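Me: Please examine a single part of this structure closely, beginning with one residue and then placing that residue in the context of the chain to which it belongs. A connected account in formal terms would be appreciated.

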Amino acid sequence: MEIQTLSQPTLASHMRALYSLIRKDWKQYWRYPLNAASSIFQPLIWIAPIYFMGLAFSVNGKAYGFSQYSGTTDFMSFILLGTVLESFINAVFWGMGYALKNDMDSGVMESNWLTPIPRLLILVGHSVTNLVITLITSMGMLIFGALLFGFNVSGDVMKAFIPVIPMMIGLYGFGFAFAAVVMLIREANTLVDVSSFLVQIFSGSNFPVNALPRFLLPIALVLPLTYGLDAIRSQLIGTTTILPLVWEMVLLIVFMFVMLWIGIKAFRSLERRVRVLGTLGQH
Amino acid sequence: MRSEMSVRSLAVPGFFADLQAFWAVVRREWTIFVRYPSWIIALLIWPVIFPMGYILTARALSGTNGIGLATFQRTTGLDEYVGYIAVGTMIWMWQNIVLWNIGGSLRNEQLRGTLESNWLSPTWRFSYLLGASVPQLISMLMLMFVATLEYIFLFNVQFEGSLWLSLLVILFAIPSVYGLGFAFASLVITMKESNAFVFLVRGIVMVFCGITYPIAMLPDWMQTVSKWLPQTYIIHGVRTAAISTEGLSGITLDLQMLAIFGVIWLAIGYLLFNRMERRACKTGAIGQY
(Lines give C-alpha, C1' and ligand atoms only; values in the text may rest on other atoms or scores of the structure.)
Protein backbone atom coordinates (compact mmCIF):
# COMPACT_ATOMS: atom_id res chain seq x y z
CA MET A 1 0.00 0.00 0.00
CA GLU A 2 1.32 3.38 -0.87
CA ILE A 3 1.30 5.67 2.13
CA GLN A 4 1.29 9.38 1.44
CA THR A 5 2.31 11.29 4.54
CA LEU A 6 3.87 14.59 5.41
CA SER A 7 7.24 12.85 5.55
CA GLN A 8 7.13 12.68 1.75
CA PRO A 9 6.92 16.36 1.02
CA THR A 10 4.88 17.31 -2.02
CA LEU A 11 2.85 20.36 -2.87
CA ALA A 12 -0.27 18.47 -1.77
CA SER A 13 1.25 17.57 1.60
CA HIS A 14 2.26 21.19 2.11
CA MET A 15 -1.26 22.30 1.33
CA ARG A 16 -2.59 19.76 3.82
CA ALA A 17 -0.23 21.07 6.46
CA LEU A 18 -1.31 24.63 5.68
CA TYR A 19 -4.94 23.60 5.94
CA SER A 20 -4.31 21.92 9.31
CA LEU A 21 -2.62 25.04 10.65
CA ILE A 22 -5.46 27.27 9.50
CA ARG A 23 -8.08 24.88 10.93
CA LYS A 24 -6.30 24.69 14.26
CA ASP A 25 -6.05 28.50 14.59
CA TRP A 26 -9.65 28.93 13.41
CA LYS A 27 -10.97 26.45 15.97
CA GLN A 28 -8.90 27.98 18.73
CA TYR A 29 -10.11 31.48 17.87
CA TRP A 30 -13.82 30.67 17.85
CA ARG A 31 -13.45 28.56 20.99
CA TYR A 32 -13.55 31.86 22.88
CA PRO A 33 -16.57 33.64 21.38
CA LEU A 34 -16.38 36.69 23.65
CA ASN A 35 -12.85 37.38 22.47
CA ALA A 36 -14.07 37.06 18.91
CA ALA A 37 -16.96 39.51 19.45
CA SER A 38 -14.70 41.98 21.21
CA SER A 39 -12.35 42.15 18.24
CA ILE A 40 -15.09 43.93 16.27
CA PHE A 41 -15.75 46.52 18.96
CA GLN A 42 -12.19 46.94 20.19
CA PRO A 43 -11.00 49.16 17.29
CA LEU A 44 -14.21 51.20 17.52
CA ILE A 45 -13.51 51.77 21.21
CA TRP A 46 -9.98 52.90 20.36
CA ILE A 47 -11.22 55.55 18.00
CA ALA A 48 -14.16 56.72 20.15
CA PRO A 49 -11.91 59.10 22.16
CA ILE A 50 -10.68 60.55 18.86
CA TYR A 51 -14.28 61.02 17.76
CA PHE A 52 -15.24 63.00 20.85
CA MET A 53 -11.95 64.88 20.79
CA GLY A 54 -12.49 65.62 17.10
CA LEU A 55 -15.93 67.06 17.83
CA ALA A 56 -14.28 69.60 20.11
CA PHE A 57 -12.20 70.78 17.12
CA SER A 58 -15.12 70.79 14.66
CA VAL A 59 -17.95 73.06 13.64
CA ASN A 60 -21.15 71.13 12.84
CA GLY A 61 -19.14 67.88 12.59
CA LYS A 62 -16.76 69.32 9.98
CA ALA A 63 -13.09 69.53 10.97
CA TYR A 64 -11.86 72.49 8.94
CA GLY A 65 -8.44 72.43 10.57
CA PHE A 66 -8.05 68.75 9.63
CA SER A 67 -8.94 69.47 6.01
CA GLN A 68 -5.96 71.83 5.72
CA TYR A 69 -3.67 68.81 6.14
CA SER A 70 -5.73 66.04 4.56
CA GLY A 71 -8.07 67.58 2.02
CA THR A 72 -11.19 66.27 3.79
CA THR A 73 -13.26 67.59 6.69
CA ASP A 74 -14.58 64.09 7.36
CA PHE A 75 -11.97 63.16 9.95
CA MET A 76 -13.84 60.07 11.14
CA SER A 77 -13.89 58.36 7.72
CA PHE A 78 -10.18 59.17 7.42
CA ILE A 79 -9.44 57.63 10.83
CA LEU A 80 -11.78 54.67 10.48
CA LEU A 81 -10.18 53.67 7.18
CA GLY A 82 -6.75 53.98 8.76
CA THR A 83 -7.89 51.78 11.66
CA VAL A 84 -9.24 49.08 9.34
CA LEU A 85 -6.03 49.03 7.29
CA GLU A 86 -4.01 49.00 10.47
CA SER A 87 -5.92 45.89 11.60
CA PHE A 88 -4.69 44.09 8.49
CA ILE A 89 -1.15 45.29 9.09
CA ASN A 90 -1.35 44.05 12.69
CA ALA A 91 -2.77 40.71 11.53
CA VAL A 92 0.55 40.06 9.83
CA PHE A 93 2.55 41.39 12.81
CA TRP A 94 0.55 39.41 15.36
CA GLY A 95 -0.31 36.50 13.13
CA MET A 96 3.27 35.40 12.75
CA GLY A 97 5.46 36.78 15.55
CA TYR A 98 2.86 36.38 18.25
CA ALA A 99 1.74 32.92 17.09
CA LEU A 100 5.31 31.72 17.42
CA LYS A 101 5.41 33.06 20.97
CA ASN A 102 2.16 31.21 21.72
CA ASP A 103 3.68 28.02 20.35
CA MET A 104 6.72 28.54 22.58
CA ASP A 105 4.56 29.12 25.66
CA SER A 106 2.38 26.08 24.97
CA GLY A 107 5.47 23.95 24.45
CA VAL A 108 4.64 22.88 20.88
CA MET A 109 7.21 24.98 19.06
CA GLU A 110 9.94 22.35 19.00
CA SER A 111 7.65 19.54 17.84
CA ASN A 112 6.14 21.76 15.12
CA TRP A 113 9.63 22.69 13.99
CA LEU A 114 10.55 19.02 13.64
CA THR A 115 7.81 18.37 11.08
CA PRO A 116 8.91 18.20 7.43
CA ILE A 117 7.10 21.41 6.48
CA PRO A 118 8.85 24.54 5.18
CA ARG A 119 9.08 26.83 8.18
CA LEU A 120 7.94 29.84 6.25
CA LEU A 121 4.78 27.88 5.49
CA ILE A 122 4.14 27.54 9.23
CA LEU A 123 4.38 31.32 9.52
CA VAL A 124 2.09 31.90 6.55
CA GLY A 125 -0.39 29.39 7.96
CA HIS A 126 -0.51 31.26 11.25
CA SER A 127 -1.32 34.51 9.46
CA VAL A 128 -4.11 33.22 7.18
CA THR A 129 -6.71 32.71 9.93
CA ASN A 130 -5.82 36.10 11.32
CA LEU A 131 -6.33 37.75 7.94
CA VAL A 132 -9.70 36.06 7.40
CA ILE A 133 -10.84 37.05 10.88
CA THR A 134 -9.61 40.60 10.29
CA LEU A 135 -11.64 40.72 7.09
CA ILE A 136 -14.79 39.66 8.96
CA THR A 137 -14.21 42.02 11.88
CA SER A 138 -13.35 44.90 9.54
CA MET A 139 -16.66 44.51 7.75
CA GLY A 140 -18.41 44.63 11.13
CA MET A 141 -16.32 47.61 12.14
CA LEU A 142 -17.19 49.58 8.99
CA ILE A 143 -20.91 48.82 9.38
CA PHE A 144 -20.87 49.99 13.01
CA GLY A 145 -18.62 52.89 12.01
CA ALA A 146 -21.22 53.98 9.46
CA LEU A 147 -23.99 53.75 12.07
CA LEU A 148 -22.13 55.39 14.95
CA PHE A 149 -19.72 57.82 13.32
CA GLY A 150 -21.20 58.38 9.86
CA PHE A 151 -18.46 56.57 7.94
CA ASN A 152 -18.90 57.22 4.23
CA VAL A 153 -16.99 56.09 1.12
CA SER A 154 -17.23 58.32 -1.92
CA GLY A 155 -14.57 56.73 -4.17
CA ASP A 156 -13.95 53.53 -6.13
CA VAL A 157 -13.62 50.49 -3.83
CA MET A 158 -12.18 48.22 -6.55
CA LYS A 159 -9.43 50.70 -7.44
CA ALA A 160 -8.48 50.83 -3.75
CA PHE A 161 -7.46 47.15 -3.90
CA ILE A 162 -4.62 47.94 -6.32
CA PRO A 163 -2.33 49.44 -3.64
CA VAL A 164 -3.56 46.92 -1.00
CA ILE A 165 -2.03 43.90 -2.80
CA PRO A 166 1.67 44.95 -2.97
CA MET A 167 1.41 46.50 0.49
CA MET A 168 0.18 43.27 2.10
CA ILE A 169 2.69 41.03 0.27
CA GLY A 170 5.52 43.34 1.32
CA LEU A 171 4.27 43.12 4.90
CA TYR A 172 4.74 39.36 4.81
CA GLY A 173 8.44 39.94 4.24
CA PHE A 174 8.52 42.20 7.24
CA GLY A 175 6.50 39.66 9.26
CA PHE A 176 9.01 36.87 8.49
CA ALA A 177 11.91 38.95 9.79
CA PHE A 178 9.91 40.02 12.80
CA ALA A 179 8.90 36.44 13.67
CA ALA A 180 12.56 35.44 13.60
CA VAL A 181 13.43 38.23 16.02
CA VAL A 182 10.66 37.00 18.37
CA MET A 183 12.16 33.50 18.20
CA LEU A 184 15.54 34.87 19.11
CA ILE A 185 14.54 37.12 22.02
CA ARG A 186 11.60 34.91 23.12
CA GLU A 187 9.42 37.83 24.16
CA ALA A 188 6.75 39.05 21.81
CA ASN A 189 4.29 41.26 23.66
CA THR A 190 6.38 44.39 24.11
CA LEU A 191 8.03 44.04 20.73
CA VAL A 192 4.75 43.52 18.89
CA ASP A 193 2.86 46.21 20.81
CA VAL A 194 5.53 48.88 20.57
CA SER A 195 6.48 48.30 16.95
CA SER A 196 2.93 48.07 15.66
CA PHE A 197 1.98 51.19 17.62
CA LEU A 198 4.97 53.11 16.24
CA VAL A 199 4.19 52.00 12.70
CA GLN A 200 0.58 53.04 13.28
CA ILE A 201 1.66 56.52 14.35
CA PHE A 202 4.27 57.11 11.69
CA SER A 203 2.34 55.64 8.78
CA GLY A 204 -0.49 58.06 9.56
CA SER A 205 -3.31 55.71 10.41
CA ASN A 206 -5.04 58.33 12.60
CA PHE A 207 -3.87 61.58 11.06
CA PRO A 208 -2.24 62.89 7.87
CA VAL A 209 1.53 62.48 8.21
CA ASN A 210 2.19 66.04 7.10
CA ALA A 211 0.83 67.06 10.51
CA LEU A 212 3.92 65.48 12.10
CA PRO A 213 6.60 67.85 13.41
CA ARG A 214 9.30 68.42 10.80
CA PHE A 215 11.92 66.31 12.60
CA LEU A 216 9.58 63.28 12.67
CA LEU A 217 8.33 63.58 9.10
CA PRO A 218 11.33 61.73 7.52
CA ILE A 219 10.44 58.61 9.58
CA ALA A 220 6.95 58.62 8.07
CA LEU A 221 8.29 59.20 4.57
CA VAL A 222 10.66 56.19 4.65
CA LEU A 223 7.83 53.85 5.72
CA PRO A 224 6.27 52.26 2.63
CA LEU A 225 3.03 51.77 4.57
CA THR A 226 2.59 55.54 4.63
CA TYR A 227 2.20 55.50 0.85
CA GLY A 228 -0.06 52.45 0.99
CA LEU A 229 -2.48 54.09 3.42
CA ASP A 230 -2.25 57.36 1.52
CA ALA A 231 -3.02 55.76 -1.86
CA ILE A 232 -5.97 53.72 -0.51
CA ARG A 233 -7.51 56.74 1.21
CA SER A 234 -7.20 58.88 -1.88
CA GLN A 235 -9.08 56.20 -3.87
CA LEU A 236 -11.81 55.80 -1.28
CA ILE A 237 -12.43 59.22 0.25
CA GLY A 238 -10.59 61.54 -2.13
CA THR A 239 -7.86 62.83 0.17
CA THR A 240 -4.86 64.63 -1.27
CA THR A 241 -1.81 62.35 -1.66
CA ILE A 242 1.73 63.04 -0.49
CA LEU A 243 3.25 62.01 -3.86
CA PRO A 244 1.53 61.52 -7.23
CA LEU A 245 -0.48 58.27 -7.07
CA VAL A 246 1.62 56.56 -9.76
CA TRP A 247 4.79 57.16 -7.76
CA GLU A 248 3.19 55.78 -4.63
CA MET A 249 2.27 52.60 -6.55
CA VAL A 250 5.82 52.21 -7.87
CA LEU A 251 7.17 52.58 -4.33
CA LEU A 252 4.77 49.95 -3.03
CA ILE A 253 5.79 47.43 -5.69
CA VAL A 254 9.49 48.01 -5.01
CA PHE A 255 8.77 47.65 -1.28
CA MET A 256 7.01 44.35 -1.92
CA PHE A 257 10.03 42.73 -3.63
CA VAL A 258 12.65 44.23 -1.32
CA MET A 259 10.82 43.33 1.89
CA LEU A 260 10.10 39.78 0.78
CA TRP A 261 13.77 39.25 -0.07
CA ILE A 262 15.04 40.83 3.16
CA GLY A 263 12.39 39.05 5.27
CA ILE A 264 13.18 35.57 3.95
CA LYS A 265 16.94 36.11 4.25
CA ALA A 266 16.62 37.45 7.80
CA PHE A 267 14.31 34.66 8.86
CA ARG A 268 16.62 31.92 7.54
CA SER A 269 19.66 33.45 9.15
CA LEU A 270 18.05 34.10 12.57
CA GLU A 271 16.27 30.75 12.62
CA ARG A 272 19.60 29.03 12.06
CA ARG A 273 21.07 31.09 14.88
CA VAL A 274 18.28 29.95 17.24
CA ARG A 275 18.93 26.31 16.32
CA VAL A 276 22.67 26.77 16.92
CA LEU A 277 21.93 28.29 20.33
CA GLY A 278 19.47 25.47 21.06
CA THR A 279 16.90 27.87 22.50
CA LEU A 280 14.00 26.88 20.29
CA GLY A 281 12.04 25.19 23.04
CA GLN A 282 12.79 27.83 25.69
CA HIS A 283 10.51 30.70 26.58
CA MET B 1 19.23 7.04 66.20
CA ARG B 2 16.14 9.15 65.76
CA SER B 3 16.87 12.81 65.28
CA GLU B 4 14.46 15.45 66.42
CA MET B 5 14.21 18.44 64.19
CA SER B 6 11.92 21.42 64.45
CA VAL B 7 10.29 21.84 61.07
CA ARG B 8 8.97 25.29 60.41
CA SER B 9 7.19 25.33 57.11
CA LEU B 10 4.21 26.82 55.32
CA ALA B 11 2.28 23.75 56.47
CA VAL B 12 2.09 25.38 59.90
CA PRO B 13 -0.60 27.96 59.21
CA GLY B 14 -0.45 31.32 60.87
CA PHE B 15 0.19 34.97 60.20
CA PHE B 16 3.92 34.41 59.78
CA ALA B 17 3.36 31.61 57.27
CA ASP B 18 0.94 33.82 55.32
CA LEU B 19 3.52 36.56 55.29
CA GLN B 20 6.14 34.13 54.01
CA ALA B 21 3.80 32.99 51.23
CA PHE B 22 3.06 36.60 50.33
CA TRP B 23 6.78 37.38 50.20
CA ALA B 24 7.43 34.29 48.07
CA VAL B 25 4.84 35.48 45.54
CA VAL B 26 6.33 39.00 45.53
CA ARG B 27 9.81 37.55 44.89
CA ARG B 28 8.58 35.22 42.16
CA GLU B 29 6.71 37.99 40.35
CA TRP B 30 9.67 40.35 40.61
CA THR B 31 12.01 37.67 39.24
CA ILE B 32 9.71 37.05 36.28
CA PHE B 33 9.37 40.79 35.72
CA VAL B 34 13.10 41.49 35.55
CA ARG B 35 13.81 38.27 33.64
CA TYR B 36 12.53 39.85 30.39
CA PRO B 37 14.49 43.07 29.90
CA SER B 38 12.06 44.33 27.30
CA TRP B 39 10.16 45.96 30.19
CA ILE B 40 12.82 48.68 30.16
CA ILE B 41 11.90 49.51 26.57
CA ALA B 42 8.22 49.46 27.49
CA LEU B 43 8.87 51.74 30.45
CA LEU B 44 10.66 54.30 28.30
CA ILE B 45 8.61 54.08 25.13
CA TRP B 46 4.95 53.62 26.11
CA PRO B 47 4.53 56.89 28.04
CA VAL B 48 5.71 58.71 24.91
CA ILE B 49 4.07 56.85 22.07
CA PHE B 50 0.67 56.20 23.58
CA PRO B 51 -0.32 59.84 24.12
CA MET B 52 1.61 60.82 20.99
CA GLY B 53 -1.03 59.23 18.75
CA TYR B 54 -3.75 61.40 20.30
CA ILE B 55 -1.56 64.51 20.52
CA LEU B 56 -0.64 64.31 16.85
CA THR B 57 -4.27 63.74 15.88
CA ALA B 58 -5.18 66.83 17.91
CA ARG B 59 -2.39 68.70 16.11
CA ALA B 60 -3.84 67.64 12.75
CA LEU B 61 -7.33 68.67 13.89
CA SER B 62 -5.93 72.08 14.90
CA GLY B 63 -5.04 72.87 11.28
CA THR B 64 -2.08 74.65 9.76
CA ASN B 65 -3.30 78.07 10.87
CA GLY B 66 -4.85 77.02 14.20
CA ILE B 67 -8.48 77.32 13.04
CA GLY B 68 -9.37 74.00 14.70
CA LEU B 69 -7.51 74.88 17.88
CA ALA B 70 -9.51 78.09 18.22
CA THR B 71 -12.71 76.01 17.98
CA PHE B 72 -11.33 73.60 20.61
CA GLN B 73 -10.53 76.46 22.98
CA ARG B 74 -14.02 77.92 22.53
CA THR B 75 -15.74 74.55 23.01
CA THR B 76 -13.77 73.22 25.99
CA GLY B 77 -12.43 76.32 27.71
CA LEU B 78 -8.95 74.73 27.73
CA ASP B 79 -5.85 76.58 26.57
CA GLU B 80 -3.87 73.59 25.37
CA TYR B 81 -4.32 69.87 24.87
CA VAL B 82 -0.89 68.27 25.30
CA GLY B 83 -0.71 68.08 29.11
CA TYR B 84 -4.41 67.32 29.25
CA ILE B 85 -4.04 64.28 26.97
CA ALA B 86 -0.73 63.19 28.58
CA VAL B 87 -2.24 62.90 32.07
CA GLY B 88 -5.45 61.22 30.84
CA THR B 89 -3.58 58.61 28.84
CA MET B 90 -1.11 57.93 31.68
CA ILE B 91 -3.95 57.01 34.05
CA TRP B 92 -5.51 54.85 31.35
CA MET B 93 -2.19 53.04 30.86
CA TRP B 94 -2.00 52.38 34.60
CA GLN B 95 -5.46 50.82 34.71
CA ASN B 96 -4.81 48.90 31.51
CA ILE B 97 -1.56 47.38 32.77
CA VAL B 98 -3.16 46.45 36.11
CA LEU B 99 -5.97 44.68 34.26
CA TRP B 100 -3.50 42.71 32.15
CA ASN B 101 -1.01 41.94 34.92
CA ILE B 102 -3.12 41.57 38.07
CA GLY B 103 -6.34 40.64 36.28
CA GLY B 104 -4.51 38.07 34.21
CA SER B 105 -2.14 36.78 36.92
CA LEU B 106 -4.26 33.79 37.98
CA ARG B 107 -5.26 33.09 34.40
CA ASN B 108 -1.60 33.05 33.34
CA GLU B 109 -0.84 30.52 36.06
CA GLN B 110 -3.78 28.49 34.82
CA LEU B 111 -2.34 28.55 31.30
CA ARG B 112 1.13 27.64 32.55
CA GLY B 113 -0.37 24.75 34.50
CA THR B 114 0.92 25.90 37.90
CA LEU B 115 -2.30 27.20 39.39
CA GLU B 116 -3.61 23.87 40.64
CA SER B 117 -0.40 22.92 42.41
CA ASN B 118 -0.13 26.38 43.99
CA TRP B 119 -3.77 26.17 45.03
CA LEU B 120 -3.05 22.90 46.85
CA SER B 121 -0.34 24.45 49.01
CA PRO B 122 -1.48 25.37 52.53
CA THR B 123 -1.17 29.11 51.98
CA TRP B 124 -3.40 32.13 52.15
CA ARG B 125 -4.65 32.10 48.56
CA PHE B 126 -5.39 35.81 48.36
CA SER B 127 -1.63 36.31 48.71
CA TYR B 128 -1.30 35.15 45.05
CA LEU B 129 -3.08 38.31 43.98
CA LEU B 130 -1.78 40.59 46.69
CA GLY B 131 1.79 39.44 46.13
CA ALA B 132 1.51 40.00 42.39
CA SER B 133 0.37 43.58 43.05
CA VAL B 134 3.52 44.73 44.84
CA PRO B 135 6.06 44.42 41.97
CA GLN B 136 3.34 45.67 39.66
CA LEU B 137 2.79 48.79 41.77
CA ILE B 138 6.53 49.44 41.94
CA SER B 139 6.83 49.16 38.17
CA MET B 140 3.82 51.47 37.76
CA LEU B 141 5.35 54.14 40.01
CA MET B 142 8.53 53.88 37.92
CA LEU B 143 6.42 54.27 34.78
CA MET B 144 4.71 57.38 36.16
CA PHE B 145 8.05 58.90 37.15
CA VAL B 146 9.57 58.26 33.73
CA ALA B 147 6.37 59.46 32.03
CA THR B 148 6.41 62.74 33.96
CA LEU B 149 10.02 63.41 32.98
CA GLU B 150 9.29 62.59 29.35
CA TYR B 151 6.23 64.85 29.28
CA ILE B 152 8.27 67.72 30.68
CA PHE B 153 11.30 67.30 28.42
CA LEU B 154 9.80 65.88 25.21
CA PHE B 155 6.29 67.35 25.13
CA ASN B 156 7.18 70.52 27.02
CA VAL B 157 4.25 70.07 29.40
CA GLN B 158 4.12 72.68 32.16
CA PHE B 159 3.17 70.92 35.40
CA GLU B 160 2.24 74.03 37.36
CA GLY B 161 0.41 72.18 40.12
CA SER B 162 1.69 70.27 43.12
CA LEU B 163 3.68 67.03 43.01
CA TRP B 164 2.49 66.08 46.53
CA LEU B 165 -1.16 66.59 45.69
CA SER B 166 -0.72 64.49 42.55
CA LEU B 167 0.83 61.72 44.65
CA LEU B 168 -2.04 62.05 47.12
CA VAL B 169 -4.58 61.46 44.35
CA ILE B 170 -2.57 58.44 43.15
CA LEU B 171 -2.48 57.09 46.72
CA PHE B 172 -6.26 57.43 46.98
CA ALA B 173 -6.62 55.80 43.55
CA ILE B 174 -4.66 52.63 44.41
CA PRO B 175 -7.52 50.77 46.20
CA SER B 176 -9.94 51.38 43.30
CA VAL B 177 -7.46 50.46 40.57
CA TYR B 178 -6.18 47.30 42.27
CA GLY B 179 -9.59 46.34 43.73
CA LEU B 180 -10.89 46.29 40.17
CA GLY B 181 -7.85 44.20 39.21
CA PHE B 182 -8.62 41.64 41.96
CA ALA B 183 -12.29 41.42 40.96
CA PHE B 184 -11.21 41.05 37.39
CA ALA B 185 -8.73 38.25 38.16
CA SER B 186 -11.47 36.22 39.85
CA LEU B 187 -13.92 36.79 37.03
CA VAL B 188 -11.40 35.87 34.34
CA ILE B 189 -10.42 32.61 36.01
CA THR B 190 -14.05 31.54 35.89
CA MET B 191 -14.98 32.93 32.48
CA LYS B 192 -11.55 32.17 30.90
CA GLU B 193 -11.69 34.87 28.22
CA SER B 194 -9.36 37.43 29.74
CA ASN B 195 -8.71 39.39 26.52
CA ALA B 196 -12.39 40.12 25.98
CA PHE B 197 -12.82 41.35 29.54
CA VAL B 198 -9.72 43.53 29.45
CA PHE B 199 -10.90 45.05 26.17
CA LEU B 200 -14.33 45.71 27.64
CA VAL B 201 -13.20 47.32 30.90
CA ARG B 202 -10.38 49.39 29.43
CA GLY B 203 -12.72 50.37 26.61
CA ILE B 204 -15.27 51.68 29.09
CA VAL B 205 -12.53 53.70 30.80
CA MET B 206 -11.31 54.96 27.43
CA VAL B 207 -14.72 56.13 26.22
CA PHE B 208 -16.42 57.31 29.41
CA CYS B 209 -13.64 58.75 31.58
CA GLY B 210 -12.43 61.51 29.28
CA ILE B 211 -8.82 60.55 28.67
CA THR B 212 -8.52 62.98 25.75
CA TYR B 213 -11.51 65.31 26.11
CA PRO B 214 -13.62 66.95 28.84
CA ILE B 215 -16.55 64.81 30.04
CA ALA B 216 -18.83 67.70 29.02
CA MET B 217 -18.27 66.67 25.38
CA LEU B 218 -20.20 63.44 26.00
CA PRO B 219 -23.96 63.05 25.62
CA ASP B 220 -25.90 63.33 28.92
CA TRP B 221 -26.40 59.58 29.42
CA MET B 222 -22.68 58.97 28.95
CA GLN B 223 -21.85 61.69 31.46
CA THR B 224 -24.08 59.91 33.99
CA VAL B 225 -22.20 56.65 33.41
CA SER B 226 -18.84 58.38 33.78
CA LYS B 227 -19.81 59.64 37.26
CA TRP B 228 -20.00 56.02 38.45
CA LEU B 229 -16.46 55.21 37.36
CA PRO B 230 -13.54 55.88 39.74
CA GLN B 231 -11.17 56.46 36.81
CA THR B 232 -13.11 59.64 35.97
CA TYR B 233 -12.14 61.04 39.37
CA ILE B 234 -8.56 59.77 39.14
CA ILE B 235 -8.04 61.47 35.78
CA HIS B 236 -9.74 64.68 36.90
CA GLY B 237 -7.90 64.67 40.24
CA VAL B 238 -4.43 64.11 38.81
CA ARG B 239 -5.04 66.65 36.04
CA THR B 240 -6.19 69.27 38.54
CA ALA B 241 -3.39 68.52 41.01
CA ALA B 242 -0.60 68.38 38.42
CA ILE B 243 -1.54 70.95 35.81
CA SER B 244 -3.68 73.58 37.54
CA THR B 245 -2.97 75.71 40.60
CA GLU B 246 -6.34 75.11 42.26
CA GLY B 247 -4.70 73.22 45.13
CA LEU B 248 -6.43 70.88 47.58
CA SER B 249 -9.85 72.48 47.13
CA GLY B 250 -9.83 71.45 43.47
CA ILE B 251 -9.41 67.77 44.28
CA THR B 252 -11.43 67.37 47.49
CA LEU B 253 -14.43 65.85 45.72
CA ASP B 254 -12.16 63.52 43.73
CA LEU B 255 -10.45 62.30 46.93
CA GLN B 256 -13.78 61.70 48.66
CA MET B 257 -15.17 59.76 45.72
CA LEU B 258 -11.95 57.74 45.38
CA ALA B 259 -12.05 56.83 49.08
CA ILE B 260 -15.61 55.52 48.67
CA PHE B 261 -14.87 53.71 45.41
CA GLY B 262 -11.68 52.27 46.92
CA VAL B 263 -13.57 50.60 49.78
CA ILE B 264 -16.25 49.32 47.40
CA TRP B 265 -13.83 47.90 44.83
CA LEU B 266 -11.52 46.28 47.39
CA ALA B 267 -14.57 44.64 49.01
CA ILE B 268 -15.89 43.48 45.60
CA GLY B 269 -12.44 42.15 44.69
CA TYR B 270 -12.09 40.20 47.94
CA LEU B 271 -15.66 38.83 47.82
CA LEU B 272 -15.36 37.73 44.21
CA PHE B 273 -12.07 36.04 44.99
CA ASN B 274 -13.64 34.09 47.89
CA ARG B 275 -16.57 33.12 45.70
CA MET B 276 -14.26 31.95 42.94
CA GLU B 277 -12.22 29.98 45.51
CA ARG B 278 -15.34 28.13 46.75
CA ARG B 279 -16.54 27.54 43.20
CA ALA B 280 -13.15 26.13 42.24
CA CYS B 281 -13.31 23.64 45.12
CA LYS B 282 -16.81 22.53 44.12
CA THR B 283 -16.35 22.22 40.37
CA GLY B 284 -12.71 21.16 40.33
CA ALA B 285 -12.27 23.29 37.24
CA ILE B 286 -9.36 25.36 38.44
CA GLY B 287 -6.77 23.61 36.31
CA GLN B 288 -8.84 23.65 33.16
CA TYR B 289 -8.33 26.13 30.39
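Reply: In this predicted model, P122(B) counts as exposed, because 12 C-beta neighbours lie inside 10 Å and a residue with 12 or fewer falls into that class. P122(B) belongs to the loop that links α6 (115-120) to α7 (126-153) of chain B. Its separation from W23(B) can also be stated: the two residues are 99 apart along the chain, and 15 Å lies between their C-alpha atoms.

The chain around this loop is helical in its assigned elements: chain B has 12 helices and 0 strands. Read from the N terminus on, the order of elements is therefore α-α-α-α-α-α-α-α-α-α-α-α. Along the principal axes, the C-alpha atoms of chain B fill a box of roughly 90 × 40 × 35 Å. Of the 289 residues in chain B, 44% are buried. As for contacts in chain B between residues at least 6 apart in sequence, 80% of them join residues at least 24 apart.

One helix pair of this chain can be described in detail. Helix α8 (residues 163-191) of chain B packs against α9(B) at an angle of about 140°, and the two axes are 9 Å apart. This angle makes α8(B) oblique to α9(B), because only angles over 145 degrees count as roughly antiparallel. The crossing of α8(B) past α9(B) is right-handed. On the α8(B) side, the contact is made by F184(B), L187(B), V188(B) and M191(B), while α9(B) contributes S194(B), F197(B) and V201(B). Sorted by class, the contact of α8(B) with α9(B) comprises 6 nonpolar residues, 1 polar residue and no charged residues.

Helix α9(B) also leads to the interface between the chains. There, 40 residues of chain B are in contact with 37 residues of chain A. On the chain B side, the elements that give two or more residues are α2 (38-62), α3 (67-76) and α9 (194-208). The most is given by α2(B), with 15 residues. By class, the side of chain B that touches chain A has 23 nonpolar, 14 polar and 3 charged residues.

Taken together, the account runs from P122(B), an exposed residue in the loop between α6 and α7 of chain B, to α9(B), which packs with α8(B) and is among the elements on the side of chain B that touches chain A.

Notes: Residues are numbered from 1 along each chain as its sequence is written. Chains are lettered from A and ligands numbered from 1 in the order in which they are written. This is a predicted model: local features need pLDDT of at least 70, side-chain atom pairs count only at pLDDT 80 or more; totals for chains, interfaces and linings use all residues. Two residues are in contact if their C-beta atoms, placed from the backbone, lie within 7 Å. Helices (H or I, at least four residues) and strands (E, at least two) are DSSP runs, numbered from the N terminus. Ala, Val, Leu, Ile, Met, Phe, Trp, Tyr, Cys and Pro count as nonpolar, Asp, Glu, Lys and Arg as charged, and the others, Gly among them, as polar. A residue is buried if 20 or more other C-beta atoms lie within 10 Å of its own, exposed if 12 or fewer, and partly exposed in between; C-beta atoms are placed from the backbone. Axes are lines fitted to C-alpha atoms, for helices over the stretch in contact, and angles run from 0 to 180 degrees between N-to-C directions. Angles under 35 degrees count as roughly parallel, over 145 as roughly antiparallel, 65 to 115 as roughly perpendicular and the rest as oblique. A crossing is left-handed if the near helix is turned anticlockwise from the far one by less than a right angle, and right-handed if clockwise.
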